[in-house]
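Me: I would like a close look at one part of this model. Please keep the sentences short and the steps clear.

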Amino acid sequence: MTETIENLRDFNYYPFSSNVNSKYVLAEYIWIDGTGEKLRSKTKVYLNPIKNLEDLEWWTYDGSSTDQAVTRFSEIYLKPVCMVKDPFRGDPHLLVLCETYLPDKKTPARYNFRWLSNLIMEKAKGHKPWFGIEQEYFLLKRTGTTHLWPLGWPNGGFPYPQGRYYCSIGERNNFGRALAEAHLRACLNAGLKIAGLNAEVAPSQWEFQIGIAEGIEIGDHMWLARYILERIGEEFGIDINYDPKPIQGDWNGSGAHCNYSTQTTRSEGGYKYIVENLMPILQKQHKDMIRLYGINNQLRLTGKHETGRYDQFSWGDGSRGCSIRVPIITKELGQGYFEDRRPAANIDPYLVSAALVDVTCLDSEHLPQLLQVFEQSQKPLQA
């Protein structure tokens, strides 16, 4: 990195003795807050070993401080749904991803879409839906009291045009590798299905890939990978940005391309099935699906900078200027997967994965419900 990182702190934690490690389990409860894009977390100390999800208790927090409840009725419940090893604290400590519920323990809180996504995945599990999501993001560094600007860019100015930075090496082209590398290793340590990383087209823009993951696992692992990335950003004094178009002008936006297949597309004749059956269905549902594909995504999907248009559906063999890219290898083998290039970087992966499965496997049975719960979450809280 070319800049001095003022906020770099000691990444190591107080060294527990082996006795303390075996006696206590620190469980970091993680949840999606009332923005639908940010995560919150807090720590619960257990005096007993945690071997299964059932060993973890439901917990509560103040939903009025996370834009998910009003003060007079602020309790929100946390329901543990996925746990992995904590790469920061080490064994036997855990990261615990949670769903959020109102006090009746039945009504989902704002921006809890996992329950509906899981229902769809369970209905369609016979289709064996596989996913791989390519999560792009920018690294931003504070240049003043209120101004954030991409790492490695001249303060308030612009670097050389993009292109030289994609999969780049070297000090003049690559900014933030130390953070991206730390994230990769931490995710692997946690046991997440992270498949790789690369520097992206714009300077200080990066990507990591989660997959292959089946069903609800894609959303769980993506949210946990984002949590780990934000935590490492704290240590480097770097802000992680998922805006679809954080820098206006001749710069790529940030997407979360979703690679998707089913048992049918992976079988003999799968390419023909994608082209003749799935592309017409996806075109028909484009206007509804795109509403679930990220806030302000229209700023990114302009038909330029390796995107299709927000208001038009298109597909092509090997094309990165379309809504859907069917990889050349899928055409050559006659079977495989396709890449939905429409999702923005700030998507909720539960919504996108559920929409794809519902439209392609369940005849869009739950698409109106997905739209309803999403739009309901966007409404201001009633005092």
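Which side chain meets Lys 193 in a salt bridge? Please also say where the two partners lie, and whether they are buried or exposed.

Reply: The partner is Glu 217. This is a predicted model, and in it the N-to-O distance of the pair is 2.9 Å.

Now for the places. Lys 193 sits in the loop between α3 (177-190) and β8 (194-199). Glu 217 belongs to helix α4 (residues 217-236). The two residues are 24 apart in sequence, so their salt bridge ties together the loop and the helix.

Next, the surface. Lys 193 has 35% relative accessibility, so it counts as partly exposed. Glu 217 is at 23%. Buried would require a value under 20%, so Glu 217 also counts as partly exposed.

This pair belongs to a wider set: the structure holds 19 salt bridges. Another one joins Arg 89 to Glu 28, with the closest N and O atoms 2.9 Å apart. Arg 89 lies in the loop between β4 (75-85) and β5 (94-101), and Glu 28 in strand β1 (residues 25-32), so this bridge ties together parts 61 residues apart in sequence. Arg 89 is partly exposed at 25%, whereas Glu 28 is buried at 6%. Asp 86 joins Glu 28 and Arg 89 in a network of salt bridges.

One more example is Lys 123 with Glu 365, whose closest N and O atoms are 2.9 Å apart. Lys 123 is in helix α2 (residues 114-123), and Glu 365 is in the loop between α8 (349-361) and α9 (367-378). That pair links distant parts of the chain, 242 residues apart.

Note on methods: Residues numbered from 1 in each chain as written. Predicted model: local features only at pLDDT ≥ 70, side-chain atom pairs only at ≥ 80, totals over all residues. Heavy atoms only, no water. Salt bridge = Lys/Arg side-chain N within 4 Å of Asp/Glu carboxyl O. Helix = DSSP H or I, 4+ residues; strand = E, 2+ residues; numbered from the N terminus. Buried < 20%, exposed > 50% of the residue type's maximum accessible area, 1.4 Å probe, protein only.
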